[in-house]
Amino acid sequence: MYAIKTEGLTKYYGKTRGIERISLTVERGDFFGFMGPNGAGKSTLIRTLLGLLRPTGGRAEVLGLDVARDREKLLERVGYLPAETAFWPGMRVRDALRLSAGLRRRDCGREARRLCERLGLDPSRKIDELSLGSRKKAAIVCALQHEPELLILDEPTGGLDPLMQREFFAILRQRSEAGATVFLSSHILSEVQRSCAHAAILRDGSIVASGAVKDLTRAAARRVSVRGRAALDALPGVRDLRQTPEGAEFLYSGQTRALLAALAAGDIQDLTVSEPDLEDVFLHCYGKGGGQA
């Protein structure tokens with residue numbers, strides 16, 4: 001059984017596109033990254049998967065449950081961390097944690113205390129008095145304390161300092177190793193590349209690439225660095241050409257024979273060809289200026 005399965009999932013706000021014909025499967029136990037710039041449709045997809053938005057077309061199942069028909073059962077088994085969190089005014093952290101646990105009819109006190117200690121969060125503090133980072137910590141504990149089967153995390157590291165981001169991902173990896181599924185939305189490519197086994201890239205509401213992270217990076221253009229001079233501007237397959245005092249650096253998706261011929265006709269002292277990173281894949285799918293703000 002898949003943790004997440006969608007077929008042609010579509011959501012429009014009137015005439016405005018949210019997501020369009022999303023077909024996606026996420027295996028149980030996977031650590032899955034979902035990437036795209038702001039406005040690409042990531043949050044719309046997540047809210048539709050949680051049953052918080054009614055789809056315009058298509059269908060989706062989460063943990064074998066229909067997102068429209070079985071929303072309450074689904075939310076008991078999922079931990080959701082929104083990109084922006086809001087709490088009732090005047091609450092203390094411990095009150096928010098108890099309310100979240102109570103909604104799921106669970107006693108989460110022991111796990112909540114453990115998570116608060118790991119994240120350096122004082123449960124006696126008033127949420128109104130907390131920094132952005134500490135409010136994000138409170139939201140993380142709310143999402144994780146009931147030890148859900150599936151974690152759906154929307155831009156989860158905003159507001160966290162680098163050390164706390166490292167601790168947060170250590171917690172996620174431990175949950176994943178224990179069998180939980182992690183579905184992580186992010187526009188920070190390094191987060192996905194370091195932690196996720198599989199990923200999908202969203203552009204203008206549709207998936208433009210998906211698969212194992214290692215395969216995505218293999219499929220993209222190679223990164224080439226040369227020391228010396230050669231005529232590369234007009235060579236088919238050259239993108240993001242950047243001239244340096246020593247030579248040039250660029251992405252190349254053309255024929256190897258054509259590249260070698262162009263380099264041989266120039267004055268090249270050194271050549272390096274390397275696998276792309278996930279940022280190169282992202283740029284390959286989007287192009288400069290792609291996506292929405």
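A residue is called buried when its relative accessible area is under 20%, exposed when that area is over 50%, and partly exposed in between. Arg203, at 27% relative accessibility, therefore counts as partly exposed, and Asp204 is partly exposed as well because its relative accessibility is 34%. The side chains of Asp204 and Arg203 meet in a salt bridge, with 4.0 Å from N to O. These values, like everything that follows, come from a predicted model, in which the protein chain has an average pLDDT of 89 and 92% of the residues score at least 70. Over residues 288-293, however, the pLDDT is below 50, although this stretch still has 13 contacts in the model beyond near neighbours in sequence. Where pLDDT is low, the predicted coordinates should not be read in detail.

A good place to begin with the fold is the open sheet, which is formed by six strands in the order 6-7-8-3-9-10 with mixed pairing. Its edges are strand 6 (78-81) and strand 10 (206-212), each of which pairs on one side only. On average, and with direction ignored, neighbouring strands of this sheet are turned by 15° against each other. Within the sheet, strand 3 (residues 31-35) and strand 8 (residues 181-186) run parallel and are joined by five bridges, and Met35 stands opposite Ser186 in strand 8.

Helices pack against these strands. Helix 1 (residues 42-49) packs on the sheet and touches strand 3, strand 6, strand 7 (150-154), strand 8 and strand 9 (198-203), while its direction makes about 150° with that of strand 8. Helix 5 (residues 132-144), for its part, lies across strand 6 and strand 7 and runs at about 165° to strand 6.

Helix 1 also takes part in a link between side chains, since Lys42 lies in helix 1 and its partner Glu155 lies in the loop between strand 7 and helix 6 (162-177), so that the pair, 113 residues apart, links distant parts of the chain. The salt bridge that joins Glu155 to Lys42 has its closest N and O atoms 3.5 Å apart, and both Glu155 and Lys42 are buried.

The salt bridge between Arg98 and Asp95 offers another setting, with closest N and O atoms 3.9 Å apart. Arg98 and Asp95 both lie in helix 3 (residues 93-103), where they are three residues apart, about one turn of the helix. Arg98 is classed as exposed because its relative accessible area is 56%, whereas Asp95, with a relative accessible area of 30%, is partly exposed. Elsewhere, Arg28, Arg77 and Glu149 are linked in a network of salt bridges, and the count of salt bridges in the model comes to 15.

Further along the chain, strand 12 (residues 238-243) and strand 13 (residues 247-252) run antiparallel and are joined by four bridges. Strand 12 and strand 13 form a hairpin, with three residues between them, and in this pairing Gln243 stands opposite Ala248 in strand 13. The parallel and antiparallel arrangements have a common basis, as strands of a sheet pair through backbone hydrogen bonds in either case.

Terms used:
Residues are numbered from 1 along each chain as its sequence is written. This is a predicted model: local features need pLDDT of at least 70, side-chain atom pairs count only at pLDDT 80 or more; totals for chains, interfaces and linings use all residues. Side-chain values use heavy atoms; hydrogens and water are left out. Two strands pair if DSSP finds at least two bridges between them. Helices (H or I, at least four residues) and strands (E, at least two) are DSSP runs, numbered from the N terminus. Axes are lines fitted to C-alpha atoms, for helices over the stretch in contact, and angles run from 0 to 180 degrees between N-to-C directions. Contact means heavy atoms within 4.5 Å. pLDDT is the predictor's confidence in each residue, from 0 to 100. Buried means under 20% relative accessible area, exposed over 50%, partly exposed in between (1.4 Å probe, protein chains only).
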